[in-house]
Amino acid sequence: MKPRNQQNSRNPLHGLWSLTNRELKKWYKNPYLLALSIIQPLIWMGLFGRTMDIGAIFTKNPIQIPSIPGVDPSAIAGINAALSNPTFLKNVSDTMMAKTFGTSDYFSFMSVGIVSFVTLFTTMFSGMSIVWDRRLGFLNKALSTPVARGSILMSKVFNAVIRSIIQAAIVLGFAFVLGLQVGADFTPLNLLGVFAAVFLIGMGLSSIFIAIAIRSTRIETQMAVMNLLNLPLLFTSNALMPTSVMPDWLQPITKINPITYATDATRQLVLYPINMQQLLVDFAFLGAFAAIFSTVGILLSWRYLSR
Amino acid sequence: MTETKSGDALVVEGLTRVFNKHLVAVDHVNFQVKEGEIFGFLGPNGAGKTTTINMLITVLRPTEGDAIVCGYNIAKQSSEVRSCIGVVPQEYTADEDLTGWENILLCADLYGIPRDISKKRAEELLELVELTKFKDKQVATFSGGMRRRLELACGLINRPHLFFLDEPTLGLDVQTRTATWNYIKLLKKEYGMTIFLTTHYLEEADVLCDRVAIIDHGKIVTIGTPEALKESLGGDIMTVSIKDGNADISNIIEKVPRVKEVKKQDSTYRIKVEEGEETAPTILDAIRAEGHTVTRLSLTKPTLDEVYLEYTGRSMREEEESKEAAFRQRATMRRARGQGGR
């Protein structure tokens with residue numbers, strides 16, 4: 001028979017949006033899932049952010065210094081008098097907080113960090129979803145069609161990225177309502193920068209998680225990988241605590257953790273006075289991270305999606 | 001590279017797949033599928049049917065060998081191959097969270113078919129498989145038969161030249177199975193489509209296929225039309241059981257005229273005879289004359305079952321399947337029986 005040439009003019013990206021939308025539909029058509037995925041970061045932000053009110057250490061439980069041998073009792077009495085003055089305590093607290101966290105309010109510091117946290121947790125599931133598709137046979141079905149292998153992978157990436165951006169917007173919206181104190185340089189346009197940072201970090205992270213799962217057939221392995229990586233990735237970043245208070249051995253690790261850069265970019269855009277040079281470094285790092293790992297993901301998909 | 005003979009939709013030469021360096025799932029398989037025929041791949045579980053199909057639909061790389069699908073090489077022109085084939089996998093691959101309509105359009109998009117064409121085709125195909133009424137329902141609510149029909153429709157969305165069906169009626173009830181057979185026959189008759197199907201239901205192969213290949217342990221053991229295969233058995237099959245399991249009376253039976261072959265399994269003898277109706281009494285007489293008691297007797301005209309057992313043996317198979325394949329098969333069976341979508 002004669003080879004038949006069908007649809008030669010086919011767009012090389014055909015199917016990419018359909019595959020992405022397939023995943024998104026599972027989310028926005030399922031109000032229960034949608035609600036759960038928003039509640040989780042809110043719980044972190046509302047409870048963790050409020051309970052870990054570090055500034056309150058100074059103001060909520062005023063201390064008195066006992067007499068110390070060799071120290072002038074009147075000096076201690078003077079300090080104790082200051083320590084029982086709420087205005088003084090508030091001042092100490094605000095100064096120390098601003099020095100360490102860049103803002104006097106830990107909740108503001110933390111709620112912006114939650115944006116990275118949400119992105120991390122959302123992108124982790126893209127690895128799971130490729131394992132499910134393999135198990136249910138959908139992956140084989142898709143592989144038997146002329147859709148680009150890279151599109152199969154990138155649809156999962158974009159699904160995670162789009163979800164992350166929407167969740168980030170919701171989280172920031174709630175944070176404003178709950179008392180996030182924005183910085184002097186903040187304008188609503190800065191939010192576009194925040195979404196760009198989420199886009200880049202989400203793209204890199206989900207590419208990594210998909211690459212880990214690309215040959216896997218076991219859901220359990222993926223869950224173990226997620227459990228192994230999620231909190232360490234968070235703790236080795238500046239999402240919850242500034243790197244300046246971390247031990248020396250940990251600091252270099254935070255410097256290679258992309259979450260640090262995404263969080264720093266977000267904080268600069270929302271909370272801090274913008275340091276243009278530092279912001280550019282953040283975006284350069286995030287851009288390289290996204291480009292390198294999505295390329296690695298696509299290369300792996302050519303070789304390893306088929307068996 | 002293999003030359004395509006005109007008139008062949010599929011040419012397979014020396015196709016081999018080895019898993020984990022030593023498990024030979026498909027072992028130097030050769031065959032051709034002619035334009036417009038329904039070709040059946042018949043074999044026990046784990047014989048290599050799905051592995052073969054997965055290589056032909058380009059989702060699994062061959063370790064060795066070549067195949068030409070619709071004139072394209074599966075290794076070098078996999079994208080062209082994918083464009084001209086349709087695939088209905090063994091498992092239900094439709095997304096349960098989407099509706100039937102969304103699923104079929106998703107398939108169309110994977111083939112890059114423009115929306116104005118794909119919508120028209122999707123309507124036609126849903127009409128063909130009688131799912132128009134249910135197209136806006138979530139697939140999770142579909143019965144096994146409905147899901148199988150949806151898979152058929154999805155597989156046809158690109159008007160494939162060669163249509164691959166892997167165990168198309170696995171787990172279906174008799175009514176749905178018959179209906180599925182009718183759709184398959186219709187595709188051949190109305191559209192002249194070439195169809196490659198795997199099955200381990202012999203009746204299915206007999207009813208549907210123009211030619212069948214029997215595959216076992218990764219090798220094709222015989223190939224031909226169902227009629228030719230039945231005739232190749234060279235006669236009727238008589239089975240006789242005797243009371244004394246220790247005695248071997250094969251040589252007694254062999255001496256009876258028109259007996260062509262005797263195979264002993266415990267106290268049962270599987271005897272190939274010509275003109276069974278006349279020969280059977282003679283055999284009985286011969287056995288009794290030696291003082292043995294016949295406890296059981298049957299005489300069958302050759303069916304594809306007999307052909308199958310002739311070539312693959314009677315022993316049951318220990319399935320050597322991957323966990324993943326086993327999981328999918330269980331899920332398929334469960335859904336086919338309509339026991340919940342998730």
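**Figure 1. Where chain A meets chain B.** In this predicted model, 30 residues of chain A are in contact with 33 residues of chain B. On the chain A side, the elements that put in two or more residues are α1 (16–28), α6 and α7 (138–143). The largest share comes from α7(A), with five residues. As for chemistry, the chain A side splits into 12 polar, 10 charged and eight nonpolar residues.

**Figure 2. Chain A on its own.** Here's a chain built with 13 helices and zero strands. Read from the N terminus on, its elements run α-α-α-α-α-α-α-α-α-α-α-α-α. Put a box around the C-alpha atoms of chain A, along the principal axes, and you get roughly 105 × 40 × 40 Å. Of the 307 residues in chain A, 41% are buried. Now take the contacts in chain A with a separation of 6 or more: 82% of them join residues 24 or more positions apart.

**Figure 3. The largest nonpolar core.** This core has 148 residues, and B:Val69, B:Ile104 and B:Phe164 are the ones with the most contacts inside it. Which helix gives the most to this core? That would be α6 of chain A (residues 106–136), which supplies 15 residues. Apart from this core lies another one, of 10 residues, including B:Ile237, B:Ile271, B:Ile283 and B:Ile287.

**Figure 4. Zooming in on B:Val69.** B:Val69 is among the residues with the most contacts inside the largest nonpolar core, so it helps to look at who sits around it. Skip the neighbours within four places in sequence, and B:Val69 is in contact with B:Leu10, B:Leu56, B:Ile74, B:Val81, B:Ile85 and B:Leu162.

**Figure 5. A hairpin in chain B.** Strands β12 (residues 259–265) and β13 (residues 268–273) of chain B pair in the antiparallel sense, over six bridges. Together β12(B) and β13(B) make a hairpin, with two residues between them. Check the turn for B:Asp266, which has a positive phi of about 55°. Within the pair, B:Val262 stands opposite B:Ile271 of β13(B). You've met B:Ile271 already: it's one of the residues in the 10-residue core that lies apart from the largest one. While you're looking at the strands, keep in mind that side chains in a regular strand alternate between the two faces of the sheet.

Technical notes:
Residues numbered from 1 in each chain as written. Chains lettered and ligands numbered in written order. Predicted model: local features only at pLDDT ≥ 70, side-chain atom pairs only at ≥ 80, totals over all residues. Core = buried A, V, L, I, M, F, W, Y, C linked by C-beta atoms within 7 Å. Buried ≥ 20, exposed ≤ 12 C-beta atoms within 10 Å, placed from the backbone. Helix = DSSP H or I, 4+ residues; strand = E, 2+ residues; numbered from the N terminus. Contact = placed C-beta atoms within 7 Å. Nonpolar A, V, L, I, M, F, W, Y, C, P; charged D, E, K, R; others polar. Pairing = 2+ DSSP bridges.
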